[in-house]
Amino acid sequence: MFRYILPFTLLLTLLPLHHATYSYPFQNPSLPIEARVMDLLNRLTLEEKVNQTIVDANSIPRLGVRKMTWGQECLHGVCNRNNQLQIDGAVTNYPQSIGLAATFNVSLMGIIGKAISDEARGLRNKHIADGDLDNWSDYVTCWSPVVNIAKDT
């Protein structure tokens, strides 16, 4: 069961945040996360659960869950996924990870990691500000250096 907690915990982040009342317990942020995840899991059909395991997970309108893109590779900067950066603007591209590792500079890796996360969060915020709910999630879950939920077996 634990292996399902992370993806469905992330799924909870896709829910609207500004409701005075909630249609389902999983939408209520005051409940414990484990209770929310189990409530959501119990409401999903098998097909809906399977569809949430792909990179471009479909929305679940009957539960108010928006579509989610589960992967952004940030090995050496925010990835140009589907030429999206032609729309979003330029981001910093750092050397390949083997070159960065050759510096043996741990604090530099922290600075680069923070810069990548700041750029990804900025792009996410831009999509939300523009009302673009189709691409906002592209920059929420970034994996580096090698974790990729879409290819993990």
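Leaving aside neighbours within four places in sequence, which residues is Ile-112 in contact with? In this predicted model, the contacts that Ile-112 makes beyond those neighbours are with Tyr-94 and Leu-100. Ile-112, Tyr-94 and Leu-100 also belong to the largest nonpolar core of the protein chain, and the points below set that core beside the overall fold and a loop residue, Ser-30.

**Overall fold**
- The protein chain contains six helices and four strands, which follow one another along the sequence in the pattern α-α-α-β-β-β-α-α-α-β.
- Among contacts in the protein chain with a separation of 6 or more, 51% are between residues 24 or more positions apart.

**Burial and surface**
- The protein chain has 153 residues, of which 31% count as buried.
- About 9500 Å² of the protein chain is exposed, and carbon and sulfur atoms supply 59% of that area.

**Nonpolar cores**
- The largest nonpolar core has nine residues in all, namely Cys-74, Val-78, Tyr-94, Leu-100, Ile-112, Ile-116, Ala-120, Leu-123 and Tyr-139.
- Helix 6, which spans residues 106-129, provides the largest share of this core, with four residues.
- A second core, separate from the largest one, is made up of six residues, among them Phe-26, Leu-40, Ile-60 and Leu-63.

**The loop residue Ser-30**
- Ser-30 is found in the loop that lies between helix 1 (2-12) and helix 2 (33-43).
- Because its relative accessibility is 62%, and exposed means over 50%, Ser-30 counts as exposed.
- The side chain of Ser-30 is joined to that of Asn-28 by a polar contact of 2.6 Å.

Conventions
Residues are numbered from 1 along each chain as its sequence is written. This is a predicted model: local features need pLDDT of at least 70, side-chain atom pairs count only at pLDDT 80 or more; totals for chains, interfaces and linings use all residues. Side-chain values use heavy atoms; hydrogens and water are left out. Helices (H or I, at least four residues) and strands (E, at least two) are DSSP runs, numbered from the N terminus. Buried means under 20% relative accessible area, exposed over 50%, partly exposed in between (1.4 Å probe, protein chains only). Contact means heavy atoms within 4.5 Å. Accessible areas come from the Shrake-Rupley method with a 1.4 Å probe; for residues, only the protein chains shown count as cover. A polar contact is a pair of N or O atoms within 3.5 Å; within protein, one must be able to donate a hydrogen and the other to accept it, and residues adjacent in sequence count only if both atoms are side-chain atoms. A nonpolar core is a set of buried Ala, Val, Leu, Ile, Met, Phe, Trp, Tyr and Cys residues joined through side-chain atoms within 4.5 Å.
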